[in-house]
Amino acid sequence: MIFVALVLLLGIFSEAVANVPVSKIADTWMVNIDSLSKEEDLSTSWQPVERHFKAEGKKLSCSFVLGFPYIFANGNAVKLDVPTTYENEIIWTPAKETIEIFEKAFSKKYVLDTNAQVLRESVPTVPEKVSSSEASSSSSAQIQVSSSSAAKASTEKPIVRKNAPAGSREVKNIVIDPGHGGKDPGAIGLITNEKSIVLAVSKLLEKELVSMGFNVKLTRSTDKFIQLSERPQIANKWNGDLFISIHCNAIDGNKDRKEKTKGFRIYVLRDPESEEDRAIARRENKVAKTYGDKNSKEELSPLDWLKIQARLEQYKQASYTFTEKAIKAYEGGKISKMGSGAGGAGFMVLVGAFMPATLIELGFISNPEEERYMNSEKGQKEMAKRIAKGVQQYKEAIDEYLKTLSH
Ligand SMILES: [Zn+2]
């Protein structure tokens with residue numbers, strides 16, 4: 001009996017969302033997102049430095065960045081007409097998209113009451129809330145943001161419109177990015193430097209891939225300098241299916257340490273899990289700063305990661321598939337794996353590529369044995385052949401995947 005009464009009470013008190021403040025800011029109706037999130041029992045957090053608001057619960061996990069025209073909701077990026085803003089110590093998000101996201105997540109309808117300046121749940125059994133004058137006025141009074149048919153349509157189409165299907169189409173265009181070049185030698189060894197090794201290997205790789213039937217483009221085919229940020233842009237312009245940035249690893253230290261540290265490692269753009277990988281990314285990213293790229297940084301901030309999250313998600317599977325194939329193909333050569341052979345870190349050169357992308361550290365130029373091998377014609381041919389085999393196997397894996405779609 002007490003239990004039944006409690007359920008009834010809870011039924012009354014966990015009543016429909018009724019009083020979420022909305023406000024018209026610069027001609028757009030905006031919702032107090034903190035208030036709406038709390039009404040839906042989401043736990044919220046606000047990081048003032050990152051200007052990042054987060055709301056999380058069982059049905060919905062979403063995040064917003066002030067001034068940034070996207071909402072990340074349940075793993076999808078939703079483009080906003082106007083960015084999230086901060087006014088009167090309240091975080092406001094555009095009503096239209098916010099309502100769509102919440103309606104989808106909680107399977108309910110909301111009504112934006114512009115007269116009362118509140119957002120509430122649409123409850124058909126309470127018609128007295130709508131006065132007759134309001135109901136007949138179509139312009140200024142209540143706006144039913146989602147009619148039931150519109151809501152139905154919105155649940156049927158995906159929130160993110162994927163219009164760049166690299167990674168889910170046949171693999172044809174391979175963009176090879178020989179790291180460094182010109183005034184930037186990259187890491188320097190005893191007998192050569194990184195920019196020379198990676199250019200030589202890239203050209204041989206191009207030859208291999210062309211003979212296999214791929215279209216290949218190099219971001220540089222001579223000893224010239226290109227900013228990190230320009231490299232993925234070249235790949236995008238060329239409509240690449242795969243972006244491979246080629247580098248040599250290096251460490252500082254005494255002779256003993258340099259002789260001990262060796263191996264290859266293939267990286268995807270991902271939040272680094274180890275200090276080691278973080279340091280490697282910092283070293284590669286330093287180039288941009290050293291050579292005057294205004295937007296350069298050595299490490300990606302949490303905000304940067306958030307901004308590229310949707311794109312990373314889109315190409316993650318294909319990037320991982322290539323990395324896996326490339327590690328297997330490269331393994332067994334003169335240079336062995338460093339650890340698992342796979343790593344993740346914030347390489348600036350991969351940020352901005354609208355396609356599956358990896359960065360290969362061929363080996364350590366600071367290790368005399370590996371330097372000699374990477375500098376030799378035989379070594380360069382072998383490395384190119386192995387990477388090409390990885391590309392071929394990646395293509396086959398994608399072909400297989402495409403076959404399953406056509407059945
Ligand atoms: Zn490098």
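**Exercise 1. Determine where Y315 lies and whether Y315 is buried or exposed.**

Solution. Y315 belongs to helix 10, residues 302-330; helices (H or I, at least four residues) and strands (E, at least two) are DSSP runs, numbered from the N terminus. The model is predicted, so local features need pLDDT of at least 70 and side-chain atom pairs count only at pLDDT 80 or more, while totals for chains, interfaces and linings use all residues. Residue numbers start from 1 along each chain as its sequence is written.

Next, apply the burial criterion: a residue is buried with 20 or more other C-beta atoms within 10 Å of its own, exposed with 12 or fewer, and partly exposed in between, C-beta atoms being placed from the backbone. Y315 has 24 C-beta neighbours inside 10 Å and therefore counts as buried.

Finally, leaving aside residues up to four places away in sequence, Y315 touches G167, M355, P356 and A357 (contact: C-beta atoms, placed from the backbone, within 7 Å).

**Exercise 2. Compare the span of helix 6 (residues 194-211) with its expected value, and state how many of its residues are buried.**

Solution. The expected span is 1.5 Å times one less than the number of residues. For the 18 residues of helix 6 this gives 26 Å, and the end C-alpha atoms are 26 Å apart, which agrees. Of these 18 residues, 13 are buried, so helix 6 is largely enclosed by the rest of the structure. G213, with a positive phi near 105 degrees, follows helix 6.

Notes. Contact = placed C-beta atoms within 7 Å.
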